Amino acid sequence: MTNTTEDRAEDRRGAGGAVQSVDRAVSVLEILARLGEAGVTEIADELGVHKSTAFRLLGVLENRGLVGQEKERGKYYLGAGVLRLAGAAAIRLDISQEGAPVCRTLAEETGETANIAVLDGDAAVNIMQARGAAAVTAYNWLGRRTALHATASGKVLLAHLATERRERLLTRKLARFTEHTIADGAALREQLESAARLGFACASEELEIGLNAVAAPVRGHDGAVIGAIGASGPAYRMTSGRLPELAESAAKAALELSRRMGFPG
């Protein structure tokens with residue numbers, strides 16, 4: 001099959017061809033992971049495709065930084081982009097593994113639902129949850145993406161973002177979930193400054209009526225904030241008078257998890 005004929009065939013396949021291209025691109029990464037390095041002909045043979053198809057796949061992956069090329073020999077190898085993705089996945093896996101016992105202890109100590117959240121684009125996603133003895137709801141927060149400005153964990157993550165990225169998020173229109181949601185950028189900035197200074201953040205019925213929460217930052221080996229751990233529960237039990245006590249528990253749990261993640265502090 002010539003290059004031109006193959007191109008027409010791929011165009012006719014439409015969505016099916018797109019899926020096949022994704023599958024082939026992943027296969028290229030797996031081939032390079034297994035072989036260390038390989039040329040276009042070798043990769044084409046492994047995939048069972050024309051060299052032009054392999055070359056196009058490599059070009060896309062190279063543009064995304066997922067593969068690199070040794071120019072003198074024409075060999076391709078896994079690029080730094082793969083390391084970036086692997087590093088992000090490793091952080092999530094590590095914080096889940098190391099955070100499980102810490103999350104359970106926080107739930108036991110507070111009696112409420114404890115959660116660990118990490119940044120996921122412009123939202124916080126909960127990757128670990130444990131319920132305390134007093135928890136009255138069976139709601140599962142695992143995997144749920146929540147607004148950064150309306151949750152305690154989200155405020156912690158926002159407070160420690162790079163200034164430019166934080167400002168981009170704050171200048172957007174902020175969704176209002178309840179009458180208590182802080183949708184004003186200036187007011188939210190004040191809360192974020194307080195969260196960074198005090199080492200914890202609170203949310204009082206800002207995501208859901210009747211739900212309060214408190215959270216503290218989890219740091220990695222280099223001191224950067226990689227997540228947040230906290231507790232949430234009904235407002236009638238997690239009252240404003242009790243929040244300082246819960247914040248102290250969250251901060252203690254955050255320090256323990258940070259140390260497990262290599263933070264020396």
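**Exercise 1. Are helices H6 and H8 roughly parallel or roughly perpendicular to each other?**

Solution. The model is predicted: local features need pLDDT of at least 70, side-chain atom pairs count only at pLDDT 80 or more, and totals for chains, interfaces and linings use all residues. Residues are numbered from 1 along each chain as its sequence is written, and side-chain values use heavy atoms, without hydrogens and water.

Step 1. Find the helices. H6 spans residues 152–159 and H8 spans residues 185–198. Helices (H or I, at least four residues) and strands (E, at least two) are DSSP runs, numbered from the N terminus.

Step 2. Read the geometry. The angle is about 80°, and the axes lie 9 Å apart. Axes are lines fitted to C-alpha atoms, for helices over the stretch in contact; angles run from 0 to 180 degrees between N-to-C directions.

Step 3. Classify. Angles under 35 degrees count as roughly parallel, over 145 as roughly antiparallel, 65 to 115 as roughly perpendicular and the rest as oblique. H6 and H8 are therefore roughly perpendicular.

Step 4. List the contacts (heavy atoms within 4.5 Å). Lys-155, Leu-158 and Ala-159 of H6 meet Leu-188, Gln-191, Leu-192, Ala-195 and Ala-196 of H8.

**Exercise 2. Describe the open sheet and its strand order.**

Solution.

Step 1. Write the order. Six strands run S5-S4-S3-S8-S7-S6, with antiparallel pairing. Two strands pair if DSSP finds at least two bridges between them.

Step 2. Mark the edges. S5 and S6 (201–204) each pair on one side only.

Step 3. Add the twist. Neighbouring strands are turned by 35° against each other on average, direction ignored.

Step 4. Follow the bridges. S3 and S8 are joined by five, with Ile-116 opposite Ile-229 in S8. S7 and S8 share nine bridges, and Pro-217 has Ala-228 in S8 as its partner. S6 and S7 share four; here Ala-201 faces Ala-215 in S7.

Step 5. Inspect the turn. S7 and S8 form a hairpin with five residues between them, and Gly-223 in the turn has a positive phi of about 90°.

**Exercise 3. Why is S8 largely enclosed by the rest of the structure?**

Solution.

Step 1. Set the scale. Buried means under 20% relative accessible area, exposed over 50%, partly exposed in between (1.4 Å probe, protein chains only).

Step 2. Count. Nine of the 10 residues of S8 are buried, so S8 is largely enclosed.

Step 3. Look at the largest nonpolar core. Such a core is a set of buried Ala, Val, Leu, Ile, Met, Phe, Trp, Tyr and Cys residues joined through side-chain atoms within 4.5 Å. It has 22 residues; Ile-95, Ile-116, Ile-127, Val-218, Ile-229 and Leu-257 touch the most other members. S8 (225–234) is among the elements giving two or more residues to this core. H5 gives the largest share, six residues.

**Exercise 4. Place Ser-249, Arg-144 and Glu-205.**

Solution.

Step 1. Ser-249 is in helix H9. At 9% relative accessibility, Ser-249 counts as buried. Beyond its neighbours within four places in sequence, Ser-249 contacts Leu-106, Glu-109 and Thr-110.

Step 2. Arg-144 sits in the loop between S4 and S5. Its relative accessibility is 25%, so Arg-144 counts as partly exposed. The Arg-144 and Glu-208 side chains share a polar contact of 3.5 Å. A polar contact is a pair of N or O atoms within 3.5 Å; within protein, one must be able to donate a hydrogen and the other to accept it, and residues adjacent in sequence count only if both atoms are side-chain atoms.

Step 3. Glu-205 lies in the loop between S6 and S7. Glu-205 is not a glycine, yet has a positive phi of about 55°.
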